[in-house]
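Consider where a model can be read closely and where it cannot. The paragraphs below start with confidence and then move to the fold, one helix pair and a few single residues.

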Amino acid sequence: MKLRGLLFVTALLMNLISAKAEAILPDPSWNEEMPSAEITGEGKTSALEATPESVAVSVAPLASKDKVFASAYFDTLSILAANNACSDFFGGPEAAADVFSRLIGKAQKNSLPSMVAMHMTGRLVEIADKRTNSRYRLFDRVMINSNGPFYRQRVPYSFAQIPGLGTFQANTRQVRVLMFLHELGHAIKGDDGNWLLPDDGKDNELSRRNSQRIEEVCGEQIKALRSSKQDAQPKNY
């Protein structure tokens with residue numbers, strides 16, 4: 001990696017770690033979550049060219065309110081900002097960490113059907129970033145399902161199990177990171193001009209294969225995350 005890229009990633013992580021340390025993270029007793037992703041862009045796509053000074057990256061606002069989200073957010077950043085096969089798949093540490101911060105920085109927690117994991121919708125903006133040599137798209141709204149696998153193992157007020165993603169059970173540290181990386185794959189274009197993961201919002205089998213693809217590439221880093229006490233005692237009510 002070029003020195004400029006290394007300095008960028010180092011500065012980004014320092015800012016994020018500092019913000020994490022200062023964040024007030026109340027314990028969300030109404031813990032819930034979601035499974036496969038849906039993408040529905042509305043209106044025309046705007047095209048922008050980003051420069052290093054164009055937009056500052058900040059910590060996702062939801063991280064200061066939701067301890068579960070914050071843990072998954074920083075877990076994912078720690079993987080993407082390092083040199084490994086996972087960050088390479090997303091264009092390298094500098095591009096991967098930058099795009100992830102911008103995409104998930106828009107995240108909100110919403111109540112959706114239990115079989116929906118995340119939902120990205122609204123006006124699309126496609127960005128060409130000459131600094132990181134990356135192309136990606138952002139949506140107006142990124143919603144995490146409070147009734148899906150990000151937060152729950154069971155359907156609310158039911159004994160029905162919510163399926164996980166890949167080989168990971170719902171409502172675990174690992175599945176949350178897999179979900180974030182799955183969404184990131186829908187946002188970044190590869191060298192061939194196609195999205196790293198094809199849109200799968202209406203196709204459960206394609207969504208399963210996309211999650212499998214991310215686990216094949218990033219599984220080593222995801223599995224290295226140690227299970228937390230919260231994963232061992234999920235709230236399912």
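Over residues 228–237 pLDDT stays under 50, and for this stretch the model has 22 contacts beyond four places in sequence. The model is a predicted one. A second stretch, residues 51–55, also stays under 50 in pLDDT, and here the model has three contacts beyond four places in sequence. Where pLDDT is low, the predicted coordinates should not be read in detail. The contacts counted for residues 228–237 and for residues 51–55 are therefore to be taken with that reservation, since low pLDDT argues against a detailed reading.

For the protein as a whole the mean pLDDT is 79, with 70% of the residues reaching 70 or more. Among the elements, the lowest mean pLDDT, 42, belongs to strand β1 (residues 36–41), while the highest, 98, belongs to helix α3 (residues 85–89).

The secondary structure consists of seven helices and five strands. Along the sequence these elements are arranged as α-β-β-α-α-α-β-β-β-α-α-α. Of the contacts with a separation of 6 or more, 73% join residues 24 or more positions apart. Buried residues make up 53% of the 237 residues. The accessible surface is about 11400 Å², and carbon and sulfur atoms account for 53% of that area.

How do two of the helices pack? Helix α4 (residues 93–104) meets α5 at an angle of about 100°, and their axes are 10 Å apart. The two helices are therefore roughly perpendicular. On the α4 side the contact is made by Ala96, Val99, Phe100, Leu103 and Ile104, and on the α5 side by Phe180, Glu183, Leu184 and Ala187. By class, these residues divide into eight nonpolar, no polar and one charged.

Helix α5 spans residues 173–187, and Leu178 is found in it. Is Leu178 buried or exposed? Its relative accessibility is 0%, so Leu178 counts as buried. Beyond its neighbours within four places in sequence, Leu178 is in contact with Leu165, Gly166, Phe168, Ser211, Ile214, Glu215 and Ile222. One of these residues, Glu215, lies 37 residues from Leu178 along the chain, yet the two C-alpha atoms are separated by 7.1 Å.

The loop between β4 (116–129) and β5 (134–145) contains Asn133, and Thr132 has its place there as well. Thr132 has a relative accessibility of 12%, so it counts as buried, the cut-off being under 20%. Leaving aside neighbours within four places in sequence, Thr132 is in contact with Glu94 and Ala95. Thr132 is also 8.7 Å from Gly92, C-alpha to C-alpha, with their positions 40 residues apart in sequence. Asn133, by contrast, is exposed, with a relative accessible area of 72%.

Most residues other than glycine have a negative phi. Which residues depart from this here? Asn133 has a positive phi of about 55° although it is not a glycine. Asn171 likewise has a positive phi of about 55° without being a glycine. Asn171 is found in the loop between β5 and α5. While Asn133 is exposed at 72% relative accessible area, Asn171 has 0% relative accessibility and so counts as buried.

Technical notes
Residues numbered from 1 in each chain as written. Predicted model: local features only at pLDDT ≥ 70, side-chain atom pairs only at ≥ 80, totals over all residues. Heavy atoms only, no water. Helix = DSSP H or I, 4+ residues; strand = E, 2+ residues; numbered from the N terminus. Buried < 20%, exposed > 50% of the residue type's maximum accessible area, 1.4 Å probe, protein only. Contact = heavy atoms within 4.5 Å. Areas by Shrake-Rupley, 256 points an atom, 1.4 Å probe, with all protein chains shown as cover. pLDDT = per-residue confidence, 0-100. Axes fitted to C-alpha atoms, helices over the stretch in contact; angles between N-to-C directions. Parallel < 35°, antiparallel > 145°, perpendicular 65-115°, else oblique. Nonpolar A, V, L, I, M, F, W, Y, C, P; charged D, E, K, R; others polar.
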